[in-house]
Each structure stands twice: as structure tokens, then as C-alpha cells.
Amino acid sequence: MAAKWMELVTGSLEEKRQYRQAKARIKALPENYRTAAEAIERYLMYAGGIAAGDVLVRMYDDLVGLFEESAADGVPIRGIVGDDPVEFVEAFVSNYSDGSWISKERRRLNESIQRAAGESA
């Protein structure tokens, strides 16, 4: 019972565990891949706009997997992110828009206007 209350307040403990595992996997990458992955992670934390914990964990897991596979295959950093890292990250995060705060707010706006207009959802 206490664990469920704690998760309600702080978020899913399983998602936190998965996130910590992804962070540990980033730390295990070769230095140049780790540096790039950490820079992308930092950018995502500020600009990604992902609010859903499960989506965030899935996104980080996919990011780490991409860097792990690229490191194993010897793909250079620019082979991963291209010439414009911001463009790469924006395209990457767009695959997870279902968890973004703006998507949630867009749904809320549409639902509120439907209710105000007397329309059924």
C-alpha cells in the first residue's frame, strides 16, 4: 500500500529503475559516444518536452541502444547525428510526441472547446 502511494506522489518506481539503467548504459559507452549521448540527453531534458514517464524511459532506452549499436559497429558520431545535431534530436524526439506536454495540452484545449461548444467528444 505504501509503495503505491509513493508511486502516486513520485512517479513509477519501475520507470525510475529503467531510467537509472539507461544512465548506467550511457556511462559504459566509449568516451566520445558517451559525450555525444550525454549532450543529447541534456538537450532533451531542456527542449524535448516529454512529460509522460513511460515515453521518456522508452525514448532514452532507444537513444542508448542507438549509441551502443553505433559504437559496436564503429559508426562515427557524425554518422549518427549528421551535420546538424539539433535537427537530429528534433527528428528523434518527434517519434515520441505522444508523450510530449504540448500534445497533452493540445488534447486538453480541444476537449475544453468541444465541451464549451456543447459538442460530444
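Is glutamate 14 buried, partly exposed or exposed, and what is its relative accessibility? In this predicted model, glutamate 14 comes out as partly exposed, because its relative accessibility is 35%. The residue it pairs with, arginine 17, also counts as partly exposed, at 35% relative accessibility. The two side chains form a salt bridge, with 2.2 Å between the closest N and O atoms. Both residues belong to helix α2, which covers residues 13-27, and they sit three residues apart, or about one turn of the helix. That spacing fits a general point: an α-helix has 3.6 residues a turn, so residues three or four places apart point the same way.

Before going further, a quick word on confidence. The mean pLDDT of the protein chain is 84, and 84% of its residues reach 70 or more. Among the elements of the chain, helix α5 (residues 77-81) has the highest mean pLDDT, 96, while helix α1 (residues 2-10) has the lowest, 53. Where pLDDT is low, the predicted coordinates should not be read in detail.

Back to the charged pairs. The structure holds five salt bridges, and the one within α2 is joined here by two that reach across the chain. One of these brings together the side chains of glutamate 41 and lysine 23, at 3.0 Å from N to O. This pair links distant parts of the chain, with glutamate 41 in helix α3 (residues 31-47), lysine 23 in helix α2, and their positions 18 residues apart in sequence. The two ends differ in how they are covered: glutamate 41 is buried, as its relative accessible area is 5%, whereas lysine 23 counts as partly exposed at 32%. Leaving aside residues up to four places away in sequence, glutamate 41 touches Tyr19, Lys23, Ile26 and Tyr60. So the carboxylate side chain counts as buried with a cut-off of under 20% relative accessible area, and lysine 23 is among its contacts.

The other long-range pair is aspartate 61 with arginine 25, whose closest N and O atoms are 2.4 Å apart. Here too, distant parts of the chain are linked: aspartate 61 lies in helix α4 (residues 53-73) and arginine 25 in helix α2, 36 residues apart. Aspartate 61 counts as partly exposed at 36% relative accessibility, and arginine 25 likewise counts as partly exposed, at 26%. The pair does not stand alone, as Arg25, Asp61 and Glu68 are linked in a network of salt bridges.

Helix α3, the home of glutamate 41, deserves a closer look. It has 17 residues and spans 24 Å from its first C-alpha to its last, close to the 24 Å expected at 1.5 Å a residue. Its buried residues are Tyr33, Ala36, Ala37, Ile40, Glu41 and Leu44. Seen down the helix axis, these buried residues fall within an arc of 135°, so they line one face of α3. The cover over them includes α2, α4, α5 and α6 (85-94). On the face turned away from that buried side, α3 carries the exposed residues Glu31, Arg42 and Tyr46. After α3 comes glycine 49, which has a positive phi, near 70°.

Conventions: Residues numbered from 1 in each chain as written. Predicted model: local features only at pLDDT ≥ 70, side-chain atom pairs only at ≥ 80, totals over all residues. Heavy atoms only, no water. Salt bridge = Lys/Arg side-chain N within 4 Å of Asp/Glu carboxyl O. Helix = DSSP H or I, 4+ residues; strand = E, 2+ residues; numbered from the N terminus. Buried < 20%, exposed > 50% of the residue type's maximum accessible area, 1.4 Å probe, protein only. Contact = heavy atoms within 4.5 Å. pLDDT = per-residue confidence, 0-100. Expected span 1.5 Å × (residues − 1). Arc of directions from axis to C-beta.
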